[in-house]
Amino acid sequence: MNWHKGFRTEPPKYRPVGVVDIGSNSVRLVVYDGLRRSPSPIFNEKILCGLGRGVATKGKLDEINMTRAVAALRRFRALARQIGAKQVFALATAAAREASNGEEFIESAEKALGAHIEVLTGKEEARFAALGVLAGIPDADGIAGDLGGGSLELIDIKDGKVRSGVTLPLGPIRLMDMSEGDIDKARIIVDEYFSRTPILKDLNRRTFYAVGGTWRNLAKLHMAQTRYPLHVLHCYRLERQQAGALAGLVAGLSSNSLKEIREVSKSRSDTMPFGALVLERLLSHSKPDHVEVSVYGVREGLLYSKLRRRSRQTDALLASCWDFARRYARSPEHELELCDWTDQLFASGKLKETAEQKRLRYAACLLADIGWKAHPDYRAERSLGMISQAAFVGINHPGRVFLALTVFYRYDGERDDDDLARMLDDEAHQRAHLLSSIFRLAYILSAAMPGMLPKIKLKVEGKSLVLGLPKKLADLAGERVDKRLSAVAAEIGRTGKVVIG
């Protein structure tokens, strides 16, 4: 095995990097824990400056809004310095690039921020949005739609590559200006643009990847309506009919009505009906199978583009799980050995698994010991919460639940009737129990320390599951090992057998 060759076992170094995003609605600073394959936000603040308001009708940025934005950037500069972010990347989108006084604003903004601000073209904005989706959903196949305050970027993505794309002036703030706040007029405008947007035809029977705060709020609302048990927006998936019905409903609500809904951000109550309208009309002009939320967008796409090619090709999920192991496991080296040790059962062809099942097995191995510092009575619950709620990308919701329950069961947890368990099919649930039983056997043999598992064999021979211990380790055998081995064997319909020598 060499898939983990070059993995560093020391805890990840703290090298924060900041991204400032100057949009048509908000100015935001996000500081990540490093320029890595799967960066985690450690600070996130936005100021709603409304830079794009009036640009569509007046052609320029409002002086008051520019002043607010510059003040926010000054604050962001101080915050980035306080956090220790030595690198701060800054970008500006539709409002700054289209306003007649955009250059004047950028000049003031750069002085306030103390960093260069890249004013993205529509094509560049679309590319970074698509890269963000691919960074978070590597196997994405469909159209990514990034809805900002001033524009909508639509980009075709497939096989890990960014293909054709288009930028449309249909951001909620711009749409409110163009329609004078009339939702019926806005519908006519949206339909006119979509009727001459060929890329929508390429959505047929594929997935629409929704990027942007407005659409994330729609997803949160749907989660609340359906009492969805996993409150993670990334990779949250709706069928086209579900998404269209919800978007149509919200498009017909007033700002005051939306303010009364807890799941809807108060700051988006005036723009959300227009953003929902865009989604509803998009789904009317196309036939995707699903709408899937991506929490990764332009900012993450920018960071992804800064990585070396080798880092970009790293599996995002395994990179995140390895970071967890390096931070929380007793011995990260042991978790890598656990990956290799379990290969004995699966790689031999005795127990079959798909490529995706193998990937999830490795991820589960890396996470198997992250709860060890908790009180023994709470290790199962702590691990369940940490994994199900972690900022992992590169994994769908059933996969996330599979990992969480596998480690939950590894700590003797029993929760077969839980809402999360019901998200898995029978095969995945049985596999979670099997892996957890293998982990429990491994840990009483190795005491979570490296160097032991590579000396121990575990293989299927006919109707037996054979545990092979070298003579030097014969003293490890005993009732406890027999019990754990029998539990694994029962999961695969075999009988456990210990062989010394």
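## K471 and the salt bridges of the model

Leaving aside the residues within four places of it in sequence, K471 is in contact with I500 and G501. In this predicted model, K471 belongs to the loop that runs between strand β13 (464-469) and helix α20 (479-491). Its partner I500 stands 29 residues away from K471 in sequence, yet the two C-alpha atoms are 5.9 Å apart in space. With a relative accessible area of 67%, K471 is exposed, because residues over 50% are placed in that class.

From this loop we turn to the charged pairs, of which a search of the whole structure finds 28 that qualify as salt bridges. One of them joins the side chains of R206 and D141, with a distance of 2.8 Å from N to O. R206 is located in the loop between α7 (183-195) and β9 (207-211), while D141 is located in the loop between α5 (122-136) and β6 (142-147), so the bridge ties together parts of the chain that are 65 residues apart in sequence. The two residues fall into separate accessibility classes: R206, with a relative accessible area of 13%, is buried, whereas D141, at 27%, counts as partly exposed.

Another salt bridge is formed by the side chains of D343 and R361, which meet at 2.9 Å, N to O. Here the link runs between helices, since D343 is part of α15 (residues 332-346) and R361 is part of α16 (residues 355-367), and the pair connects distant parts of the chain that are 18 residues apart. D343 counts as buried at 7% relative accessibility, and R361 is likewise buried, with a relative accessible area of 0%.

The loop that follows helix α16 brings in a further pair, in which D369 forms a salt bridge with R410 and the closest N and O atoms are 3.3 Å apart. Because D369 lies in the loop between α16 and α17 (379-389) and R410 lies in helix α18 (residues 397-410), this bridge ties together parts that are 41 residues apart in sequence. Both D369 and R410 are buried.

Salt bridges in this model can also be linked to one another, and which residues take part in such a network? The members are D33, R36, D323, R326 and R327, which are linked in a network of salt bridges.

Conventions:
Residues are numbered from 1 along each chain as its sequence is written. This is a predicted model: local features need pLDDT of at least 70, side-chain atom pairs count only at pLDDT 80 or more; totals for chains, interfaces and linings use all residues. Side-chain values use heavy atoms; hydrogens and water are left out. Helices (H or I, at least four residues) and strands (E, at least two) are DSSP runs, numbered from the N terminus. Buried means under 20% relative accessible area, exposed over 50%, partly exposed in between (1.4 Å probe, protein chains only). Contact means heavy atoms within 4.5 Å. A salt bridge is a side-chain nitrogen of Lys or Arg within 4 Å of a carboxyl oxygen of Asp or Glu.
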